[in-house]
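Biologist: Got a minute to go through this one with me? I'd like to start with how the chains meet.

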Amino acid sequence: MSKLRVNVKASPIIGAALGAILLSASAVGIGQAADLPEGFAKGDLAPAPPADMIEAGKRVYFTKCVWCHGVDGAGDGPGADRLWPRPRNFNQGTFKIRHTASGELPLFNYNEKTPDSGKNDLFDTVTHGLPGSAMPPWEGILTEEQRIQVLSFVTTQLVKDRKFTDKQSETQTILQLGTIKPAEATEDSIKKGAQLIVDKKCIECHGVEGRGDGNAFNLKDDWGFSIQPANWHKCWNFRGSRQDPYNVRNIFRTFSTGVNGTPMPSFADSTSVEERWNIANFVNSLCEKDEEGKPLGIDPLTDKPKINFVVPSAPVEGEISSDPENEMWKKQGRRYVAMGGQITHKPRNFVNRIDDIWVKSLYNEKSVVYLIQWDDRTKSIAEGKLPWAPTQVNVENFGVKEQAPKTGEEGSIAAAQNNYAVYNDAIAFQFPIKWQEIPAPFKPRYLFGDAKFNADILKWEADGSLRSFKGTGWDQDFEERDDFEEKVKLLKSEWKNGQWTVMISRPLKGSKDDYDDYTRFDIGKYIPMVFFAWDGHNGDAGRKMAVSAFYYTILQPPIPQEVYIYPAVIAVGVVFLEGWMLTRRANKKKGKVL
Amino acid sequence: MKALMSVGALIGVLGLLMLIGMIFGVVPSNTVRLVEGYMPMQVLSELAVFVAGFTGLSYLANSMGMAIPRFWQGVLFWSFVQTYLKFRIYPPIPFSVRAMYGVVSFVAVFMWVSANEEDWKKFRQPILNVLDANTGFHKALRTLYLILLPILIGGFSFLTMKPSVDEPIELRTVHPAPPASTKVHGKTYTLQTSQNPYRVNLEGKYDQAYSNKLIVEQGMGRLMAPNANPWDDKAEGYLKYVREGGEIFFQNCHFCHGDNLNGRGLHAFAFNPIPANFTDPGTIAQLQETFIFWRVAKGGIGLPNEGFPWASVMPPWEQHLTTDEIWKVILFEYWHTGYYPRTWD
């Protein structure tokens, strides 16, 4: 069947990075105390919170937090095993997002209640949550007071191996983010940053294009759980983004302090402040932008890019290019399609690794072409032949199973992450068959249609196959449609630096102009469309996959002539109306009656 | 009086500055947060504050001899309401609804300016001036209107006629009428008479009054009632079942409905219709426990057509959970949100 991946014990990257820090520890920043890295200053430990605050925090903790973080704060609550990343284990006092130097405890001061002051790391984490993980922002749910209370409880009762107030063992070396002036994101700065991420070996984990695809499967956190480098193109998923993803300061902070408990080291000792700004500017410049190069609109309710449910297809004359860099493709706007785990039917996909895809579309007189691009850290192609037929939907008997609800850490998703059988990466989309006959708003069910309304499914797999299926229900095996497969075309499929680019062409209509067996595309009509994506290294196969909501694709008609004529007629009409009105008033003033 | 009006004016200016700041992104848009569930009241009171502010402003302007003509007062107020609706409220209101509010506020402003003969004269004077007056300024203005109006109206009709690719609007019924009974795992439950077998007092009898005393407290944070910790080792009966329900919730449901049951789970952003927000007073607080049982057991695929069964990703939980587990999850949802299930009488 398929090969299991072998865990590599200690990553050479961590070693190299630590070595780099040790070597450069002697380098002294300009204008700083001799033993401090540039941009940092010594701080005092915060006072211990009062006992009544801790007691009040316990009540908050056991209402809201215990479900994931567990009774003893060991990150082993009932929800933990089906989560990846796993909930934080508080016991060791290891926290990711901080202003303090690598290895130190984060800032927490029960007196400091201003959000984003830079003086209360844990408070900001609870306030803004950790985007890209299950930790939600608690602002608007818990009051500031309640957030401080629960942190008082966590830092004193659940952090067991260290003590926030112990002057003997703890120090605070604080990044002076508030007073350091950011370097402007000039072309020069970004260019230097692009060179620095090579020199500083960032690309070894984060990949050549920063999609987190370097060494993606050998990294582990302090507890031995699989962990993956950040994808710089999705800044809204940065844990430390503080719900302000395009703010370069967050990247500067993470880069200066490192991420405790993970292989991400602090670069405070090995880089100057200026170099760190250059890197931060470069990383920030990679985050996805809109057509005009502006940051994407972020939906404040979800902290993800705003969604438009229409995928427009623009008309072009003649052949459609298979090169995404061609002018006709560059001119056409792309759409963000949000993807969630398929959690409706077994086997459910609790850890969804493809959380969005980007779609463009063009059409000519014969066919419509979809250009789909998505980030996937690993190129996955199953070794050997898969044990099930391509039409088979129910693959639970072949080892594609969902996670048991309670497994203990040994069997948790995070622990299993390196050990899934590798299947094919894949992408698919479905349209309703004979949508012309289905009264709005009815649609074939989003998951492969249903018995009454069938779905026209086109699926590409990383082994190079492009197949056309008829779907008649979520638990019904597909019917393969060979006669249509001859007509669909794979124009391009390429995995490069953590990104798949797949271009699929399909005819607008059949030769007989009927639409018995596949979707006929009529210009100017909204046709419901659903996307599916599989990550082979995540063990995705069958229904274990990512799925989108209903989107609409529409072949944009060329603008009809009336659109230009009628407004002109209306404008002329208005001129006449004005003339009539003014004449009337002028006559009235003169005392004439018409 | 003057002092009072000055305070009003101050509030008005501050409010306006804040609104303008939010529109241009100078002031973070969450400075004054609209809290879910309280939003209508918040919006109303904000508008009331603005009106008080404007009264003060107008009074001050009057006393300084710089009175704003009635005509411009009306126009400004109307555009203020439109600006407020467009930029302050989130999620955004669709244009059609804003247009409706626009008409209503237009009528209101019209009634205000035409309340008596004198006001009405003052209001229409500037309009008549543009039409009739022969001063240089008014002539220029008249010519400007003559040119601009056709261009604007023509342009507007061009934009409306141009084919756009806005998503089609489809109206979905969120809480469709339930069936009389539902069959789950081979057993038929009549919705009117079934009861949650875990909503029991310490004697093991169905007792909603007992469980109501142990749910979390309403108000910010919705924290557990003192001495009612389901995680207490000694917790038994109802509270123990709440904990068991919570364990199931956090192994199955929070992915969409969220850690705080507000419909903002990890996967929620991708789905449409969006997952239900149980903390909203319009969802489980308005429904009977057996209605929830039916919806949980049958899921999205079990909805009647007006609920768009084809689009909902809500799992039919009978495929994943036992009947007992479903009842416990429901028990937990009411406990955690601090709501009482609605009763049939």
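Biologist: How many residues does each chain bring to the contact?

Modeller: Keep in mind that this is a predicted model, where local features need pLDDT of at least 70, side-chain atom pairs need 80 or more, and totals for chains, interfaces and linings use all residues. Residues are numbered from 1 along each chain as written, chains are lettered from A and ligands numbered from 1 in written order, and side-chain values use heavy atoms, without hydrogens and water. Contact means heavy atoms within 4.5 Å. Chain B gives 73 residues and chain A gives 81.

Biologist: Which three residues supply the most of the area that chain A buries against chain B?

Modeller: Buried area is the accessible area (1.4 Å probe) that two parts lose on being put together, summed over both. Between chain A and chain B that comes to about 6,800 Å², with 67% from carbon and sulfur atoms. The top trio supplies 11% of chain A's share: A:Arg59, A:Trp67 and A:Leu301.

Biologist: Which residue does A:Arg59 meet in a salt bridge?

Modeller: A salt bridge here is a side-chain nitrogen of Lys or Arg within 4 Å of a carboxyl oxygen of Asp or Glu. The structure holds 35 of them over all chains. A:Arg59 sits in helix α2 (residues 51-69) of chain A and its partner in the loop between α7 (208-212) and α8 (238-252) of chain B, so the pair joins two chains; helices are DSSP runs of H or I, at least four residues, and strands runs of E, at least two, numbered from the N terminus. At 2.8 Å, N to O, the partner is B:Glu217.

Biologist: What is phi of B:Arg222?

Modeller: That residue is also in the loop between α7 and α8 of chain B. Most residues other than glycine have a negative phi. For B:Arg222 phi is positive, near 45°.

Biologist: And which proline is joined to A:Ala440 by a cis peptide bond?

Modeller: Most peptide bonds are trans. Chain A has a cis bond from A:Lys346 to A:Pro347, with omega about -10°. The one you're after has omega near 0°, and its proline lies in the loop between β10 (426-432) and β11 (455-461) of chain A. It's A:Pro441.
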